[in-house]
Amino acid sequence: MFESTSKAQTLRRVESKVSLFRVPELQIFDVAFFTACPDEVIRQVQNTFSGRSVVIRSSATDEDGANNACAGEYDSVLDVPSADAGALRRAISDVIASYERKRPHRGNDEVIVQEMVLNTSMSGVVFTHDLNTGAPYYVINYDDVSGLTNTVTSGGGEYANRTLFIHRGASQSLRSERFQRLIHAVQELERVMGSQFLDVEFAIGEDFVPYLLQVRAITTQPNWNRAVAKRIDAALQGIQAFVGERLQPMAGVYGSTTVLGQMPDWNPAEMIGRAPRALAFSLYKTLITDHAWRIAREAMGYAVPDGQPLMVSLAGQPFIDTRLSFHSFLPAGLAPEIGNKLVDAWVKRLQAHPELHDKVEFDVAITTYSFDIEEKIEVQIGATLDQEEQSAFKEALRQQTRTLLADGGEGGIRKALARVEALAGKQLVESSPGTGDITALFGIIDDCIRLGTVPFSILARHGFIARTILLSLHRRGILTMEDIHLMQSSVRTVASSLVSDMRRLQLGELSRTDFMAKYGHLRPGTYDILSPRYDQMPDLGMNDSQVRPEQEQSKFELDTSRKREIDRLLWAEGFPELDADKLLAYVESATVGREYGKFVFTRSISSMLELIACFGERNGLSRDEMSHVSIGNLLDVVTRSSEGSIEERLRLIAEDEVERHALSVAIRLPQVLFDVAGVHVVPFQVSHPNFITHKKITAACVGLPVGQTFPALAGKIVLIENADPGFDWIFSQQIGGLITKYGGANSHMAIRCAEFGIPAAIGCGEQRFEMFISANQLLLDCAAGLINPLH
């Protein structure tokens with residue numbers, strides 16, 4: 001059993017009992033002794049360490065216990081030369097003073113003087129179970145860049161951004177020698193301490209020798225659900241079997257294997273989260289990833305794998321099968337042998353560059369003809385195709401893109417917008433969700449797919465095509481990135497109208513009733529029944545202390561010489577029916593259409609959620625309970641007789657799903673999964689954010705939970721998890737900058753920030769986001785591609 005002793009005495013107790021960890025030489029004295037005899041303490045330290053550099057560490061009586069810890073509360077001073085008596089005295093005094101900042105120091109508080117570990121290759125902290133859930137993982141937060149030993153424990157900057165989860169039953173799967181030696185040393189320490197619930201601070205030398213710097217008990221154990229933790233082993237076995245099967249060839253689908261990812265293509269982690277509840281997951285699946293994505297791409301002239309749903313569930317966590325995505329990015333009619341080669345090439349590229357997982361449409365696959373097609377083929381395909389196959393691929397892309405830009409077919413912008421308008425018209429005459437007539441759900445879902453998510457999928461694909469073409473004009477030297485930003489900021493979308501109307505609302509020029517009639521359906525979590533709609537937020541728009549000044553959106557105009565240059569390029573590349581004006585008009589209509597389509601179809605989803613909530617309330621179930629009932633289970637309950645009342649049946653379903661969801665939250669999986677080993681050894685991918693504008697800002701930051709408004713966002717850097725359009729209200733608040741956990745280069749918030757000229761980092765990843773949200777201030781430098789916490 002773990003014995004509750006001071007940090008210093010714990011180190012002293014284990015140093016002679018561990019053989020795989022090396023405990024740096026240490027000396028311990030209490031504060032009372034130093035206060036009475038400082039010179040004697042200094043003399044003893046100098047005699048012990050003989051000029052070597054040391055670390056002065058805290059060891060307060062309330063710092064480490066079996067049920068409480070004050071990790072990080074007190075100071076440590078690194079790299080103190082032991083030959084310098086003055087430096088030793090100051091460092092020791094600083095550590096003791098840090099005790100007094102919290103409470104009066106006690107005579108039995110201690111101080112540790114420990115040999116400084118030099119020439120480290122890695123340092124960090126190991127938790128022997130997940131700190132939040134108690135799930136059976138070794139969780140290693142580490143820095144293998146700076147060569148310092150305190151960047152993880154101090155939350156220090158860009159270096160402390162790596163995390164590795166290792167399932168406790170799979171440590172033998174480790175391939176890295178340094179991690180093997182570290183985990184073996186931790187396992188020995190667990191045996192010595194008689195506990196599997198440890199918080200271990202470590203360093204690794206350049207020779208891969210692990211050093212033990214501190215060890216304490218994990219103190220969050222009372223918060224854990226032990227039943228969930230026990231089920232994880234069985235769940236991971238099921239995931240491993242599923243993934244192993246999924247990686248095999250599939251009938252009717254190009255490619256010999258796949259990569260599963262949470263952010264490629266329809267980026268479910270951004271839209272519904274890493275571990276969504278049953279209702280949100282099932283709505284996203286039903287409305288988009290089962291059929292709508294495929295129907296839309298087929299209408300646009302893409303090849304599609306017949307009947308395949310795009311998204312799979314791994315213990316309730318959503319993953320996109322990128323093999324299906326890559327297949328569906330190919331022009332229809334392309335020879336199967338070319339299709340197989342391309343899909344395999346793109347899967348291999350994503351395996352080699354997992355950091356591109358949220359940029360697959362731009363940097364992994366080639367999804368449209370563009371004016372840098374030769375460079376794209378060289379980088380993203382290489383020697384995969386011979387010259388004849390390359391020519392066939394380019395010509396197929398060219399003809400497909402010509403058809404789409406001509407806007408005359410089923411996959412064009414005009415027809416897609418016509419269907420969206422038809423949905424908007426039907427929404428005006430829909431019965432109120434307040435009636436609670438759950439049978440209306442069938443019609444709303446059908447209309448939302450046919451007239452909402454299918455045409456939106458077409459419009460979204462046009463948005464990607466438009467941006468790809470713009471970026472290729474930049475690559476050809478015709479447009480600058482500043483031109484592209486100005487072009488995007490000149491486009492007036494539905495978000496521009498929302499910000500303008502929010503301003504009018506705040507100034508009393510627009511009634512709340514009229515504002516909510518247009519925008520009241522929006523909610524920060526589009527698929528989340530627990531996320532309140534705008535018209536359910538009584539304080540939204542009521543604060544007029546930070547009214548955003550009216551901004552004129554100037555029309556972007558290219559000069560004549562560059563228009564002629566584009567005209568010549570279009571002719572040379574085989575687009576004689578287009579000129580610069582028509583091309584730029586296409587770019588604008590694609591951008592506007594995509595945002596309008598999303599605005600309309602989310603109204604239907606919002607109505608579905610309110611209808612479900614009303615039905616649940618009528619049958620005695622809360623919104624929280626209904627969030628755990630999938631749309632399939634809900635419709636099954638109302639279309640099939642069974643024993644028990646509707647309330648009893650729904651509550652049983654919800655209770656089962658609560659347990660499944662707790663398991664889903666506790667299980668750790670990588671955002672990019674391409675082999676079965678990744679199920680057990682999970683690196684958190686260091687994401688490269690998509691920086692918007694070239695601006696730089698240093699400001700206070702504020703994290704914005706879903707469904708919560710803040711009265712003072714002006715000038716601050718706002719942090720949100722996803723790029724949901726329900727957060728568009730923040731652009732009426734004069735925010736200084738934006739950082740999101742999830743999101744791609746062409747995501748909703750990327751477009752919004754470009755439109756309003758707001759510096760942003762879209763999609764910084766889970767690990768970095770958690771570091772940023774705990775900071776008081778941030779430096780966001782978009783031109784340099786930097787985000788630095790300022791403490």
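Visitor: In what order do β10, β11, β12 and β13 stand in the open sheet that these four strands form?
Guide: This is a predicted model, in which local features need a pLDDT of at least 70 and side-chain atom pairs count only at pLDDT 80 or more, whereas totals for chains, interfaces and linings use all residues. Residues are numbered from 1 along each chain as its sequence is written, and side-chain values use heavy atoms, with hydrogens and water left out. Strands here are DSSP runs of E with at least two residues, and helices are runs of H or I with at least four, numbered from the N terminus, while two strands pair if DSSP finds at least two bridges between them. The pairing in this open sheet is antiparallel, and the order is β11-β12-β10-β13.

Visitor: Which residue of β12 stands opposite Met311?
Guide: Strand β11 (311–314) is an edge strand, as is β13 (672–673), and each of them pairs on one side only. β11 is joined to β12 (residues 317–321) in the antiparallel sense over four bridges. Opposite Met311 in β12 stands Ile320.

Visitor: At about what angle to β11 does α8 run?
Guide: Axes are lines fitted to C-alpha atoms, for helices over the stretch in contact, and angles run from 0 to 180 degrees between N-to-C directions; contact itself means heavy atoms within 4.5 Å. On that footing α8 lies across β11 and β12, and its angle to β11 is about 160°.

Visitor: Which strands are at the edges of the open sheet that has the order β1-β4-β2-β3?
Guide: This sheet of four strands has antiparallel pairing, and its neighbouring strands are turned by 25° against each other on average, direction ignored. Within it, β2 (residues 53–59) and β4 (residues 110–115) pair over six bridges, with Val54 opposite Glu115. Helix α3 (residues 38–49) lies across β1, β2 and β4, at about 170° to β1. The strands that pair on one side only are β1 (26–30) and β3 (77–81).

Visitor: Why does Phe34 count as buried?
Guide: Phe34 lies in helix α2 (residues 31–36) and, leaving aside residues up to four places away in sequence, touches Phe29, Val41, Ile42, Arg89, Ile92, Ser93 and Ile96. Its C-alpha atom is separated by 9.4 Å from that of Glu110, which is 76 residues apart along the chain. Buried means under 20% relative accessible area, exposed means over 50%, and partly exposed lies in between, with a 1.4 Å probe and protein chains only. Phe34 counts as buried because its relative accessibility is 7%.

Visitor: Which residues have the most contacts inside the largest nonpolar core?
Guide: A nonpolar core is a set of buried Ala, Val, Leu, Ile, Met, Phe, Trp, Tyr and Cys residues joined through side-chain atoms within 4.5 Å. The largest has 144 residues, and apart from it lies another core of 30 residues, including Leu11, Ile112, Met122 and Phe179. In the largest core, the residues with the most contacts are Tyr527 and Leu738.

Visitor: Which residue of β17 is the bridge partner of Cys701?
Guide: Both faces of β17 are covered, since Ile717 and Leu719 on one side and Val718 and Ile720 on the other are all buried. β17 runs parallel to β18 (residues 737–740), joined by four bridges, and Ile720 stands opposite Thr740. β17 also runs parallel to β16 (residues 696–703), joined by three bridges. In β17, the partner of Cys701 is Ile717.

Visitor: Which helix gives the most residues to the lining of the second largest cavity?
Guide: On a 1 Å grid over the protein atoms alone, a cavity is a set of points where a 1.4 Å probe fits but cannot get out, a pocket is an open set with protein on both sides within 12 Å along at least five of seven lines, and lining residues have an atom within 4 Å of a point. The second largest cavity has a volume of about 130 Å³, and among its 14 lining residues Ala466, Leu470, Gln488, Val587 and Thr591 lie nearest its centre. The elements giving two or more residues are α16 (440–475), α17 (481–490) and α21 (580–618). With five residues, the one that gives the most is α21.

Visitor: Which element supplies the largest share of the lining of the second largest pocket?
Guide: About 780 Å³ of space lies in this pocket, where a volume is the space filled by probe spheres set on grid points that are joined across faces, edges and corners. Its lining has 37 residues, of which Ile272, Gly273, Arg274, Ala275 and Glu721 lie nearest the centre. The largest share, four residues, comes from α26.
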